[in-house]
Structure formats: structure tokens, C-alpha cells
Amino acid sequence: MYKLIELPYAQDALEPVISAQTLSFHHGKHLQTYVDNLNKLLPGSGMEDKTLEEIVATSSGAIFNNAGQILNHNMYFTQFASPAESDASLRILKQIEEQWGSLSAFQAEFEAKGVGLFGNGWVWLSAQSDGKLVITQETNAGNPVTKGLKPLLTFDVWEHAYYLDYQNRRAAHLSALWRIVNWKVIEERYK
Ligand code: MN
């Protein structure tokens with residue numbers, strides 16, 4: 001049985017970037033629904049003992065959609081913290097600077113890929129097996145583990161992630177999210 005993950009911060013900790021109201025619907029309703037659905041689908045599927053990553057990498061259809069959305073949201077919600085300074089000494093930030101020239105150049109490409117994603121989906125920063133970083137777009141419940149990549153950071157571009165706070169302004173939402181990214185978590189995922 002999968003359980004809804006607990007948020008590692010208070011419901012209003014990410015304001016004004018993500019409101020407590022958005023968080024309560026996004027975490028308490030949307031993610032809860034994916035958890036409930038997967039728990040109904042898994043019995044008898046032969047996947048009961050697999051990890052979420054294994055299920056996402058090997059399944060399809062309704063199981064993939066619900067497991068993918070749980071994995072994606074678990075990574076999404078746990079990568080944030082109250083607005084804080086980033087630590088430039090982190091290896092992940094050095095690697096970003098080496099490949100993109102600057103953090104802001106990387107952020108511009110990441111945001112553009114999020115804005116340019118048609119419909120529902122996720123924009124991802126992932127690591128290849130050689131440690132090089134790549135930005136990819138995934139539609140619907142997609143996750144880069146299906147391409148053999150190690151997912152590190154993700155922005156949810158489904159409308160439920162931002163519509164209450166930003167309405168149709170997806171670009172404004174994505175550019176605001178950098179203020180709450182907890183780079184120490186991304187660094188841990190990169191190890
Ligand atoms: Mn979402």
C-alpha cells in the first residue's frame with residue numbers, strides 16, 4: 001500500500017510562490033487521488049513488490065499513469081523549501097555553470113522548455129550515466145527514468161500546479177519557482 005507523502009514543510013511555507021491553498025489541493029487532493037488509484041490497481045498486477053521507479057520504468061496504461069504521477073509529485077514536493085539563498089559551492093551548481101555558462105542561462109532554457117510543453121506534463125533536469133546534465137520534457141505522467149536517466153529536479157506544468165495562483169500565466173509561475181528550489185536536495189539526488 002502506498003501512502004501520501006508528508007510535506008517536509010508547513011502548508012504555507014512556500015508562499016507567495018505557491019499558496020497554501022494550491023498546496024492543499026495539489027498535495028491533499030490530486031496526489032492523494034493518484035495514491036488511491038494505484039492502491040486499487042496494484043493487487044494482482046504482479047507489480048506489488050516493485051519500487052515506484054521500477055513500476056514507472058516497466059509499466060504502461062493506468063498503472064504507469066498513476067505510479068508516474070506519484071513518483072513525479074514525490075520528487076516535486078520534496079525539492080522545495082522556504083525562499084532561501086542557494087549555495088554556489090554545491091557540485092550540481094558547478095556542473096550547471098560548466099555546461100550552461102551560468103545559472104541564469106540554465107534557468108532560461110529550463111523555463112522555455114516548460115513554457116513550450118504543449119498540454120500537461122513536466123520539465124526535468126536529469127543526469128546521464130556520465131554525470132552530464134540534460135533538460136527534457138515529459139508529457140502527462142512521464143518521468144526520465146523511462147529513458148535511463150536519473151531525474152534530479154522537476155517543474156510540474158499541469159494547470160492544477162499553478163492555476164489558482166497564476167491563472168494562465170505559466171511562464172510567471174515557472175520563473176518564480178526558482179526562489180523555493182532547495183538545491184541541497186537536488187545535490188543529494190545527483191550523488
Ligand atoms: Mn501536479
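Contact is taken here to mean heavy atoms within 4.5 Å. The structure described is a predicted model.

By this criterion, and not counting residues up to four places away in sequence, Tyr190 touches Arg91, Ile92, Gln95, Ala127, Gly131, Leu133, Lys150 and Leu152. Tyr190 lies in helix α8, which covers residues 183-190. Because its relative accessible area is 5%, under the 20% limit, Tyr190 counts as buried.

Several of these partners belong to the strands. Strand β1 (residues 121-127) runs antiparallel to β3, to which it is joined by six bridges; within this pairing, Ala127 has Lys150 of β3 as its bridge partner. Strand β1 is also antiparallel to strand β2 (residues 133-139), with seven bridges between the two. Here Val123 is partnered by Gln137 of β2. The hairpin formed by β1 and β2 has five residues between the strands, and Gly131 adopts a positive phi near 90° in this hairpin. Strand β3 is mostly covered, six of its seven residues being buried.

The metal site involves β3 as well. The manganese ion is coordinated by the NE2 atoms of His26, His73 and His160 and by OD of Asp156, at 2.0 to 2.2 Å. The spacing of these donor residues in sequence is H-x46-H-x82-D-x3-H. Distant parts of the chain are linked by the pair His73 and Asp156, which are 83 residues apart: His73 is in helix α3 (residues 61-78) and Asp156 is in strand β3 (residues 150-156). His73 has a relative accessible area of 0% and is therefore classed as buried. For Asp156 the relative accessible area is likewise given as 0%, so this residue is also buried.

One of the metal donors, His160, is in contact with Thr22. Leaving aside neighbours within four places in sequence, the contacts of Thr22 are His160, Ala161, Leu164 and Asp165. Thr22 is part of helix α1, which comprises residues 20-41, and is buried, with 2% relative accessibility. Between Thr22 and Tyr190 the chain separation is 168 residues, and their C-alpha atoms are separated by 28 Å.

In soluble globular proteins, nonpolar side chains tend to be buried together. The largest nonpolar core in the model has 60 residues, of which Ile92, Phe106, Leu125, Leu153 and Trp183 touch the most other members. Helix α3 gives the most to this core, contributing eight residues. Leu125, apart from its neighbours within four places in sequence, is in contact with Ile92, Ile96, Trp100, Phe106, Phe110, Leu133, Val134, Ile135, Lys150, Pro151, Leu152 and Leu153.

Contacts of Leu125 such as Ile96 and Phe106 also take part in the packing of two helices. Helix α4 (residues 91-100) packs against helix α5 (residues 103-115) at an angle of about 80°, and their axes are 8 Å apart. The angle falls within the range of 65 to 115 degrees, so α4 is roughly perpendicular to α5. On the α4 side, this contact is made by Leu93, Ile96 and Trp100, and on the α5 side by Leu103, Ala105, Phe106 and Glu109.

Terms used. Residues are numbered from 1 along each chain as its sequence is written. This is a predicted model: local features need pLDDT of at least 70, side-chain atom pairs count only at pLDDT 80 or more; totals for chains, interfaces and linings use all residues. Side-chain values use heavy atoms; hydrogens and water are left out. Donors are N, O and S atoms within 2.8 Å of the metal (3.2 Å for Na, K and Ca); water is not among the atoms, so sites may look incomplete. Helices (H or I, at least four residues) and strands (E, at least two) are DSSP runs, numbered from the N terminus. Buried means under 20% relative accessible area, exposed over 50%, partly exposed in between (1.4 Å probe, protein chains only). Two strands pair if DSSP finds at least two bridges between them. A nonpolar core is a set of buried Ala, Val, Leu, Ile, Met, Phe, Trp, Tyr and Cys residues joined through side-chain atoms within 4.5 Å. Axes are lines fitted to C-alpha atoms, for helices over the stretch in contact, and angles run from 0 to 180 degrees between N-to-C directions. Angles under 35 degrees count as roughly parallel, over 145 as roughly antiparallel, 65 to 115 as roughly perpendicular and the rest as oblique.
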